[in-house]
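Please walk me through this protein in plain language. I am new to it and would like to know what to look at along the way.

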Amino acid sequence: MTHRRRFLKTGVLAGFTASLLPAAAIGAAPKVENKRDWKHWVWIRPNEKDKEADLQKLYKRFYDAGVRGVFFERDSEMHYRTAKAQKLEAHRWMWTLNRGEKSLLQSHPEWYSKNRKGESCADKPPYVGYYRWLCPSREEVAQYLEADVKQILSKDYIDGIHLDYVRFCDVILPVNLWDTYKIEQTKELPEYDYCYCEVCRQKYKEWKGADVMQIQYPEESLSWRLYRYNAVTNIVNRLAKVAQGNNKPITAAVFPTPEVARRNVRQDWVAWNLNGICPMIYHGFYKEDVAWIGNAVEEGVKALQGRFPLYAGIYLPDFKNTAEVQQGMAYALQNGAAGISIFGDITDDVLKALKQVSTTTKKK
């Protein structure tokens, strides 16, 4: 399957410096009492060519730096068991509503979302070819995903499930991608606004007594937005029951703040029944500075009100150097994150930064 972040071409791919700056030099991580009860994660895709001996060393370096869990993008018993042997939790990272398997497209094209123009992403995907979104309103889709999660969690070497793409298609892309796709999304364009399939329209009509397509400005209808928030929330909470039935935790990768998630992808993650959340606080995508990572964490933590922990997701190519990575980590931890989730090339310098910030930042 195509890599989940391949289409997100920000153009910010600067390399990292070869050495770290001390915390005082970056002005972000105050020297306070050691507090090592953070829980850090990494997102990685197992490589079939990896050798077990090399993985043992890698996962040990992860653990020594404070990483406590790995989200694996596909199944690989060797990777999971090797990580577990190094005291790391091994979770399956699952594409949820963005599912482009040929078998599924051929057997159930009716399951896929339709935009406001009536186009199905089964045969006309938006933005990129692998954007094939299932409709969360369909009972068949919910049952299909429940069976998928049940099958994944039946394996003894898989410690938990991590949901990704559990949302609608981006009705609004992060602003830094507008140039990439030659789009100005200052309003919700019909070709990117999902889902207007017959099932969504009928269920909304049963709830509100009106066909959403008869509303003058459906993109501005608050009840129509709420319907879609609830459709995704229903899927997540049903999958959470499957995970709970298997006595295994469930987490999710989501958009950076509750407000951005609702506005851009109809994702109301504050309402989900999870064991943890990993907002992808990719500041470069939104043309924000590194300090915004702390702002986003603070907003998410306040909205959650302690329901479950928030692990701040950072995107390494968004940073100019390793010192800036450390600064971003510090902003996240200082503002209430329970840990950091890292995506990108996790070098020894990055691990050193993670370890340093974990021992110089006080848990909020």
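Let us begin at a single residue, Arg68, which is partly exposed because its relative accessible area of 25% falls between the 20% limit for buried and the 50% limit for exposed. You will find Arg68 in strand S2, which covers residues 67-72. From there, look across to Lys87: the two residues are 19 places apart in sequence, and their C-alpha atoms are 7.3 Å apart in space. Lys87 is also one of the residues that Arg68 touches, once residues up to four places away in sequence are set aside. The others in that set are Trp38, Lys39, His40, Tyr63, Leu88 and Glu89.

With that starting point in hand, step back to the whole protein. What you are looking at is a predicted model, with an average pLDDT of 91. Of the residues, 90% score at least 70. One stretch calls for care: over residues 1-35 the pLDDT stays under 50. The model does have 104 contacts for this stretch beyond four places in sequence. Still, where pLDDT is low, the predicted coordinates should not be read in detail.

The protein has 364 residues, and buried ones make up 58% of them. Its secondary structure comes to twelve helices and eight strands. Among contacts between residues at least 6 apart in sequence, 76% join residues at least 24 apart.

Now for the helices. Two packed helices are described by the angle between their axes and the distance between the axes. Take helix H2, residues 52-65, and helix H12, residues 348-360: their axes are 8 Å apart and they pack at an angle of about 25°. Since angles under 35 degrees count as roughly parallel, H2 and H12 are therefore roughly parallel to each other. On the H2 side the contact is made by Arg61, Phe62, Asp64 and Ala65, and on the H12 side by Asp348, Leu351, Leu354 and Lys355.

A second pair to find is helix H5, residues 139-153, with helix H8, residues 222-245. Their axes come within 9 Å and cross at roughly 30°. That angle makes H5 roughly parallel to H8, and H5 passes H8 in a right-handed crossing. From H5, the residues that take part are Glu139, Ala142, Gln143, Leu145, Glu146, Val149, Lys150 and Leu153. They meet Ile235, Arg238, Leu239, Val242 and Ala243 in H8.

Next comes helix H9, residues 258-265. Which residues of H9 are buried? They are Pro258, Val260, Ala261, Asn264 and Val265. These residues cover an arc of only 165° around the axis, which puts them on the same side of H9. The buried residues of H9 pack against helix H10, which spans 292-304. Just after H9, Arg266 takes a positive phi of about 60°.

That brings us to some backbone details. Most residues other than glycine have a negative phi, and most peptide bonds are trans. Arg266, with its positive phi, has company in two tyrosines. Tyr127 has a phi near 65° and sits in the loop between helix H4 (102-107) and H5. Is Tyr127 buried or exposed? At 16% relative accessibility, Tyr127 counts as buried. Tyr165 has a positive phi of about 50°, and its place is in the loop between strand S4 (160-164) and H6. Tyr165 is buried too, with a relative accessible area of 4%.

A peptide bond is also worth a look: the one from Tyr194 to Cys195 is cis, with omega near 0°. Cys195 lies in the loop between helix H6 (178-181) and helix H7 (198-208).

Our last stop is Lys287, in the loop between strand S6 (276-279) and H10. Lys287 counts as exposed, at 54% relative accessibility. Which residues does Lys287 contact, leaving aside its neighbours within four places in sequence? They are Val175 and Asn176. Asn176 is 111 residues away from Lys287 along the chain, yet their C-alpha atoms are separated by 6.1 Å.

Technical notes:
Residues are numbered from 1 along each chain as its sequence is written. This is a predicted model: local features need pLDDT of at least 70, side-chain atom pairs count only at pLDDT 80 or more; totals for chains, interfaces and linings use all residues. Side-chain values use heavy atoms; hydrogens and water are left out. pLDDT is the predictor's confidence in each residue, from 0 to 100. Contact means heavy atoms within 4.5 Å. Buried means under 20% relative accessible area, exposed over 50%, partly exposed in between (1.4 Å probe, protein chains only). Helices (H or I, at least four residues) and strands (E, at least two) are DSSP runs, numbered from the N terminus. The arc is that of the directions from the helix axis to the C-beta atoms. Axes are lines fitted to C-alpha atoms, for helices over the stretch in contact, and angles run from 0 to 180 degrees between N-to-C directions. Angles under 35 degrees count as roughly parallel, over 145 as roughly antiparallel, 65 to 115 as roughly perpendicular and the rest as oblique. A crossing is left-handed if the near helix is turned anticlockwise from the far one by less than a right angle, and right-handed if clockwise.
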